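Trainee: Could you help me learn how to read the place where two chains meet?
Mentor: Gladly; let's look at the structure together.

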There are 2 protein chains.
Amino acid sequence: METQNNNIDLYLNTLGAKAQAAKAALQSLDEERKNQALKRAAEALVRERDRLLCANGKDYEKARKNGMAEGLLDRLKLTPERIEAMAEGLIQIAGLPDPVGEVTERFERPNGLHIEKVRVPMGVVGIIYEARPNVTADAFGLCFKTGNVVILKGGRDAFYSNLAVTEVIREALTKEDIPADAVLLIENNDRAVTTAFMKLKEYVDVLIPRGGAGLIRSVVENSTIPVIETGTGNCHIFIDETADMEKAIPIVINAKTQRIGVCNACESLLVHGKIADRILPLLGKALSERKVEIRGDETVLEQIPEAHAATEEDYGKEYLDLILSVKTVSSVEEAIAHINKYNTGHSDAILTEDQSHARKFLREVDSACVYVNASTRFTDGFEFGFGAEIGISTQKLHARGPMGLKELTSYKYQITGDGQVRP
Amino acid sequence: METQNNNIDLYLNTLGAKAQAAKAALQSLDEERKNQALKRAAEALVRERDRLLCANGKDYEKARKNGMAEGLLDRLKLTPERIEAMAEGLIQIAGLPDPVGEVTERFERPNGLHIEKVRVPMGVVGIIYEARPNVTADAFGLCFKTGNVVILKGGRDAFYSNLAVTEVIREALTKEDIPADAVLLIENNDRAVTTAFMKLKEYVDVLIPRGGAGLIRSVVENSTIPVIETGTGNCHIFIDETADMEKAIPIVINAKTQRIGVCNACESLLVHGKIADRILPLLGKALSERKVEIRGDETVLEQIPEAHAATEEDYGKEYLDLILSVKTVSSVEEAIAHINKYNTGHSDAILTEDQSHARKFLREVDSACVYVNASTRFTDGFEFGFGAEIGISTQKLHARGPMGLKELTSYKYQITGDGQVRP
């Protein structure tokens with residue numbers, strides 16, 4: 001056991017030292033060279049398509065034999081089109097403005113000190129994710145563009161795929177005379193290595209987990225590195241008494257069914273009691289047609305014959321499935337209180353034509369993204385116009401909601417004087 | 001043991017629930033009411049001076065009997081003047097602009113969605129600190145002004161003082177019809193309670209430790225709540241070959257001796273080899289006159305007869321004492337590499353008349369505050385003009401360097417549509 005721990009420490013310390021050694025060279029690259037390298041990496045992924053497909057085939061066959069569910073198998077699978085999309089992602093990142101070096105504040109003190117607040121890379125970013133090989137290229141691209149070294153720990157089911165993607169990118173960097181260690185993959189799938197990685201504080205500046213609730217919880221509980229929590233979304237829509245039915249039903253259908261396994265999908269619906277008898281039958285019909293199971297309170301059961309009774313537990317659940325909890329409330333205040341009790345701080349919407357209710361909801365609901373008359377599905381870096389997304393933060397420190405390139409940067413103060421001392 | 005753990009859980013969950021219950025009322029206060037309450041709390045502290053002095057006397061006597069060192073006893077002690085200063089601090093905070101509600105970005109998407117990024121309170125802030133009772137009023141003031149509930153865990157040596165300060169503030173809030181639970185003090189000094197508090201993630205949005213390296217380390221290792229790391233500063237000054245001696249010596253003396261026990265004091269000096277024989281004797285004399293012990297390399301020992309030999313360990317040390325490590329280097333590159341190896345990411349300075357060296361140093365030294373031709377002692381919320389300071393962050397997530405009111409806020413996106421759904 002002790003030998004094993006020593007081996008793990010040695011392995012991770014070596015990796016951390018490599019990351020630190022690559023840091024200065026990476027930070028000295030100008031925007032043009034970074035964009036050039038991203039394009040070369042994109043070309044290499046397309047060129048080395050067969051190598052990637054072959055590696056992915058190994059993962060896929062193993063996963064299939066181990067009985068991986070169909071949906072997960074699909075996420076794991078690489079195709080020529082998906083490789084094209086990965087490459088396209090890198091080219092898009094190359095086209096985005098580089099936030100590093102931006103002076104966000106500039107001020108002069110009465111003693112003549114000139115202070116500038118400047119955006120800088122975080123340094124070394126750790127990313128722990130599950131079985132989607134496209135995250136490998138994506139996370140590299142975002143971190144590289146912002147001058148960060150990235151250490152990746154992908155899911156073991158995608159191991160050969162991740163390794164191949166990383167190798168191809170590293171080769172492309174080497175050809176550009178950029179340290180390959182700008183992207184490092186943890187090649188040991190032992191769980192103890194992942195846990196030890198979460199404590200590699202000396203080398204890693206921030207850790208971002210991307211995956212299900214279990215992974216996020218494990219990172220939050222074990223990490224000594226600052227973490228950006230992402231992901232879980234128990235998103236609500238509240239249909240107020242003045243809601244426009246023409247807008248309301250399409251929004252609910254969109255938020256619940258446009259894509260069900262995602263964190264910004266609607267999981268819980270609140271309906272103002274005054275319009276329950278008008279809207280619930282329509283909603284019941286529209287949702288049932290799309291095979292959505294409804295779990296509701298007594299009023300809901302009265303109005304929607306297909307509905308099942310909801311338990312207290314239902315209101316706190318992120319189903320990620322064709323299930324929706326529905327509850328009637330008697331006021332916007334009750335809706336807000338319910339949401340603030342059960343939500344995960346992700347995305348919540350009010351559908352209303354009452355401006356004062358809209359303002360109250362926007363102000364008082366404690367979520368990263370609060371909507372009036374729109375689908376919660378818009379909580380997304382691309383939909384927000386960031387051009388990229390490293391995840392959606394559900395914590396309040398550093399970043400909240402969709403995170404793009406800026407959220408992968410920190411800042412420093414640069415202070416210039418001419419001999420000032422503190423009196 | 002289990003009963004004890006249950007009791008701790010019950011105690012902290014009750015406290016957390018109180019904080020959550022106070023949150024909405026606190027967030028609904030406008031700036032005027034917050035400022036009014038801060039002024040009333042300041043008046044109450046002055047009015048209840050005798051009560052505070054009496055409580056502090058209890059702490060002081062106990063600490064003195066337990067053999068507390070003179071310096072710490074002085075930090076613990078309240079006097080009428082120090083109570084006035086505490087009150088004055090709250091009045092100053094009342095005078096600062098309220099960052100909450102500020103719209104920092106506003107944009108419209110092609111689909112017509114209108115998005116605003118708005119500054120909001122963190123929610124509930126936890127602060128763990130050591131034996132300075134003035135932090136109690138200060139932390140309350142900063143958190144209250146930014147609409148945050150604060151849960152305080154002060155050092156056990158200042159227990160009665162902290163309790164009295166908190167009680168006086170809570171009474172003042174109650175008179176203003178504001179929930180007293182806007183400020184909560186953990187009244188159990190058991191270490192297990194403090195550790196459990198660090199895991200009160202369900203109720204606390206951010207945890208800020210203020211104190212020595214041991215406290216910070218314990219919080220980083222144990223907390224599941226996002227932490228803002230503050231404090232330790234192994235700050236460097238590099239005297240480049242073109243440095244102006246007239247400025248250099250006063251800056252070094254100021255940074256080392258103006259106040260020795262603080263995180264922005266200079267702990268390590270680098271001198272360009274080319275000017276070693278000119279500047280070291282002058283520095284040696286100036287530092288010795290101020291009783292600063294010098295620990296240096298061979299060149300330093302040759303030039304300064306009073307100097308002792310430095311060990312490798314000296315270069316990594318935050319002395320917080322009248323000791324300075326001194327090393328000669330042969331280039332700005334060597335200086336930067338040395339600093340990035342040994343510093344704590346706090347504050348580092350170059351003294352130079354060479355603009356290209358200055359720019360290189362500003363860009364490449366990885367610290368919260370990087371200086372040209374000024375003392376590191378300026379890393380401070382007041383010196384930066386923030387009007388207040390909750391601490392100095394040495395991490396890169398969320399806040400870096402001096403943290404004022406803005407750094408106690410998060411943001412949310414408020415999105416307004418007219419029926420948009422995601423295609």
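Mentor: A word on method to begin: copies are superposed by least squares on the C-alpha atoms of residues with pLDDT of at least 70 in both. Please keep in mind that this is a predicted model.

Trainee: What rotation superposes chain B on chain A?
Mentor: A turn of 180°, with 0.0 Å of shift along its axis, and the RMSD is 0.0 Å. The two copies are thus related as by a two-fold rotation axis.

Trainee: Which residue of chain B comes closest to the rotation axis?
Mentor: That is H398(B), whose C-alpha lies at 1.8 Å from the axis.

Trainee: How is the size of an interface given?
Mentor: Often as the accessible area that is lost when the parts come together. Here chain B and chain A bury about 5800 Å² between them, and 51% of this is on carbon and sulfur atoms. K396(B), L397(B) and R422(B) supply 15% of the area that chain B buries against chain A, more than any other three residues.

Trainee: How many residues does each chain bring to the contact?
Mentor: Chain A brings 73 residues, and chain B brings 73 residues. The copies meet through the same surface, because 100% of the interface residues of chain B are also interface residues in chain A.

Trainee: How many salt bridges are there between the chains?
Mentor: The count is 10. In one salt bridge, D205(B) joins K396(A), with the closest N and O atoms 3.5 Å apart. There are also 45 residue pairs in polar contact between chain B and chain A, both residues being at pLDDT 80 or more.

Trainee: Which elements of chain B supply residues to the side that touches chain A?
Mentor: Several supply at least two residues each, among them α9 (213-222), α10 (245-257) and β16 (409-420). β16(B) gives the most, with 11 residues. By residue kind, that side of chain B divides into 32 nonpolar, 19 polar and 22 charged.

Trainee: Which strand of chain A does β16(B) pair with?
Mentor: With β13 of chain A, residues 369-374, in the parallel sense over 5 bridges. For example, A374(A) has Q420(B) as its bridge partner.

Trainee: How many strands are in the sheet that holds this pair?
Mentor: It is an open sheet of 10 strands with mixed pairing, and its order includes β12(A)-β13(A)-β16(B)-β2(B)-β1(B). The edge strands are β10 (308-309) of chain A and β1 of chain B, each pairing on one side only.

Methods:
Residues are numbered from 1 along each chain as its sequence is written. Chains are lettered from A and ligands numbered from 1 in the order in which they are written. This is a predicted model: local features need pLDDT of at least 70, side-chain atom pairs count only at pLDDT 80 or more; totals for chains, interfaces and linings use all residues. Side-chain values use heavy atoms; hydrogens and water are left out. Contact means heavy atoms within 4.5 Å. Buried area is the accessible area (1.4 Å probe) that two parts lose on being put together, summed over both. A salt bridge is a side-chain nitrogen of Lys or Arg within 4 Å of a carboxyl oxygen of Asp or Glu. A polar contact is a pair of N or O atoms within 3.5 Å; within protein, one must be able to donate a hydrogen and the other to accept it, and residues adjacent in sequence count only if both atoms are side-chain atoms. Helices (H or I, at least four residues) and strands (E, at least two) are DSSP runs, numbered from the N terminus. Ala, Val, Leu, Ile, Met, Phe, Trp, Tyr, Cys and Pro count as nonpolar, Asp, Glu, Lys and Arg as charged, and the others, Gly among them, as polar. Two strands pair if DSSP finds at least two bridges between them.
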